Amino acid sequence: CNHLGNAVTAVYCNSPHEVVGILKKEYSIWVNPSGGEVGNKMFRVGHIGNLTIKDNDKLIEALHDLEKRGILND
């Protein structure tokens, strides 16, 4: 991307809707599904609001777990 936002990170994977659902259901982490052309390719992680380093660490741990489970892939 040529124009990256300061408040959102795009995460590309093969099953973004599944990842968004699992993060919400199993880890109580809410991220944003994407729509349009990239809806089946990515989800978005927001960086605004009352977030802490601990919140970011929880997300990173969850993404590593999903990767180990074969759910988060490239």
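Helices here are DSSP runs of H or I with at least four residues, strands are runs of E with at least two, and both are numbered from the N terminus. On that basis, S28 sits in the loop that joins α1 to β2 (32-33). The model is predicted. Its chain holds 2 helices and 3 strands. Their order from the N terminus is β-α-β-β-α. The radius of gyration is 12 Å, close to the 11 Å that the globule rule gives for 74 residues, so the chain is as compact as a globular protein of that length.

**Overall build**

- Along the principal axes, the C-alpha atoms fill a box of roughly 30 × 30 × 15 Å.
- Buried residues make up 30% of the 74 in the chain.
- Among contacts with a separation of 6 or more, 67% join residues that are 24 or more positions apart.
- The accessible surface of the chain is about 5,500 Å². Carbon and sulfur atoms contribute 51% of that surface.
- The chain carries 8 positive and 9 negative charges. The mean positions of the two sets lie 6 Å apart.

**Salt bridges**

- How many salt bridges does the chain have? The count comes to 2.
- One of them pairs E26 with R69, with an N to O distance of 2.8 Å. E26 belongs to helix α1 (residues 16-27) and R69 to the segment after α2 (53-68), so this bridge ties together parts that are 43 residues apart in sequence.
- D65 also forms a salt bridge with R69. Here the closest N and O atoms are 3.6 Å apart.
- Which residues make up the salt-bridge network? E26, D65 and R69 are linked in it.
- Are the partners buried or exposed? E26 is partly exposed, at 45% relative accessibility. R69 is partly exposed as well, at 38%. D65 has a relative accessible area of 29%, so D65 too counts as partly exposed.

**S28 and its backbone**

- Most residues other than glycine have a negative phi.
- S28 is not a glycine, yet its phi is positive, at about 55°.
- This serine lies in the loop between α1 and β2.
- The relative accessible area of S28 is 45%. Buried means under 20% and exposed means over 50%, so a value in between makes a residue partly exposed. S28 is therefore partly exposed.

**Y12 and the C-terminal segment**

- Where does Y12 lie? Y12 is in strand β1 (residues 8-12).
- Y12 counts as partly exposed, with 45% relative accessibility.
- N73 is placed in the segment after α2. Its relative accessible area is 31%, so N73 is partly exposed.
- Along the chain, N73 and Y12 are 61 residues apart. Their C-alpha atoms are separated by 8.6 Å.
- What does N73 contact beyond its neighbours within four places in sequence? The partners are Y12, C13, N14 and S15.
- I71 is 59 residues from Y12 in sequence. The C-alpha to C-alpha distance between I71 and Y12 is 12 Å.

**M42 in strand β3**

- M42 lies in strand β3, which covers residues 42-46.
- Is M42 buried or exposed? M42 has a relative accessible area of 7%, so M42 is buried.
- Leaving out residues up to four places away in sequence, M42 touches A10, V11, Y12, C13, P16 and S34.
- Of these partners, Y12 belongs to strand β1, and P16 falls in helix α1 (residues 16-27).
- Y12 and C13 are among the contacts of M42, and N73 touches Y12 and C13 too.
- M42 and D57 are 15 residues apart in sequence. In space, their C-alpha atoms are 20 Å apart.

Notes: Residues numbered from 1 in each chain as written. Predicted model: local features only at pLDDT ≥ 70, side-chain atom pairs only at ≥ 80, totals over all residues. Heavy atoms only, no water. Rg over C-alpha atoms; globule rule 2.2 N^0.38 Å. Buried < 20%, exposed > 50% of the residue type's maximum accessible area, 1.4 Å probe, protein only. Contact = heavy atoms within 4.5 Å. Areas by Shrake-Rupley, 256 points an atom, 1.4 Å probe, with all protein chains shown as cover. Lys, Arg positive; Asp, Glu negative; His and termini not counted. Charge placed at Lys NZ, Arg CZ, Asp CG, Glu CD. Salt bridge = Lys/Arg side-chain N within 4 Å of Asp/Glu carboxyl O.
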